[in-house]
Amino acid sequence: MAKIDDKIQEFKKHLVTKEQRIKAEEEAKLLGTAMQQLLPEIFEDKRAIPNCFLRGALFGMVRKGRRALVKDEPIFTMSQYEVSFSGEHLDQNDLEVWDTLMYLAKDREVDNELRISLYDLCQQMRLSYNQERTKKLTERALRLKFGTVLIRTNTKIFAGSLINNVYIDTEGDGKLVIEYNKKLTPLFADNEYTLISADIRHLLGDNQLARWLYNFYESHAKPIPFAIDFIQKLCRSDNNSKDFKYKLKASLELIKKAKLAVNIKSKWSYEITTKNFLFVYPKGKTKKQLSLL
DNA sequence: GGGCTACAATTGTGTCGACG
DNA sequence: CGTCGACACAATTGTAGCCC
């Protein structure tokens, strides 16, 4: 038996290397820091969302009534990210709930958990309040908690829930209590996030594809031309390619209009080539781009 | 295949009044 | 402020179908 004890001791020593200790300290520091301090500076009506949430189908499109339950599903993303997901498929509305919660963490100077009434949350998301909505919102919150994400970037690995705990005291004050997952916050580091305009998103309304496209292209400073079927895979649309292309155009028009509504000087434009590639020009076509055509 | 429209079914949404 | 229920109706979606 002595042999086993020795081995255990050796193992423990191995655990408590200097490196491990520093990591533990960093972790304790992270968990001890107030949530609001971990989040990037945000401004009114802007939501900070990590890029890897925007560049793939983690928050994709979900057909009505066909939300799939998956386990360790690899999510098709941009090459530098490896993402897999377990849980119920998340859609754009789930993303909105999530980023609203993150925004509130910052705005209300939250330490660890947020207490909010569903009524208040509806107001924050510019939704009218009714019974159906409270049901959906709690569903979404629970879904965010249930879903487990594994994200592997060049420099970081994250595995965990998007929200640590959700708690509703239905007998008490009925408030929704959200406990944040602080280990998520490194995803915001190194400017690896994009500020998404809540105004524009609101203008895009319920058009899931338009919202996804808007998020996707906002996260790229210099958009690369993508093939349409590639985009379709990215956003997890199960339309046939014919319908998708049509919807894509309608969605892009909507984004264009929304951009103009918010900023009259917007020159945001797009183009679909004959070979079914989508070009997006955030600041309008440059002379160089025009000459290339 | 591609562009587009029409249509019906299904779902989501706003509103309003009531209550404490 | 916060919650609940009921209501009509608005929006979205898939499908079918048209023409090129």
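## Around DNA strand B

In this predicted model, 13 residues surround DNA strand B, and Ser128, Arg133, Asp206, Lys242 and Lys245 come nearest. Sugar and phosphate make up 62% of the strand B atoms that come within 4 Å of the protein. By class, the residues of this surface are eight charged, three polar and two nonpolar.

Two helices, α7 (131-146) and α11 (241-262), each supply at least two residues here. The most come from α11, which gives four.

## Polar contacts to strand B

Two side chains reach phosphate oxygens of DNA strand B. A polar side-chain atom of Ser128 lies 2.8 Å from one. For Lys245, the distance from a polar side-chain atom to a phosphate oxygen is 3.0 Å. Asn130 pairs with a base instead: a polar atom of its side chain lies 3.3 Å from a base nitrogen of strand B.

## Around DNA strand C

DNA strand C also has 13 residues around it, with Arg63, Tyr119, Asn239, Asp243 and Lys247 nearest. Sugar or phosphate holds 78% of the strand C atoms within 4 Å of the protein; bases hold the rest. Six charged, four polar and three nonpolar residues form this surface.

## Polar contacts to strand C

Lys247 places a side-chain N or O atom 2.6 Å from a phosphate oxygen of DNA strand C. Tyr119 uses its backbone: a polar atom there is 3.2 Å from a phosphate oxygen. Lys242 has a side-chain N or O atom 3.4 Å from a base oxygen.

Helices α6 (118-124) and α11 each give two or more residues to the surface near strand C. The largest share, three residues, comes from α11.

Definitions and conventions
Residues numbered from 1 in each chain as written. Chains lettered and ligands numbered in written order. Predicted model: local features only at pLDDT ≥ 70, side-chain atom pairs only at ≥ 80, totals over all residues. Heavy atoms only, no water. Near = heavy atom within 4 Å. Polar contact = N/O pair within 3.5 Å; in protein donor to acceptor, adjacent residues only side chain to side chain. Nonpolar A, V, L, I, M, F, W, Y, C, P; charged D, E, K, R; others polar.
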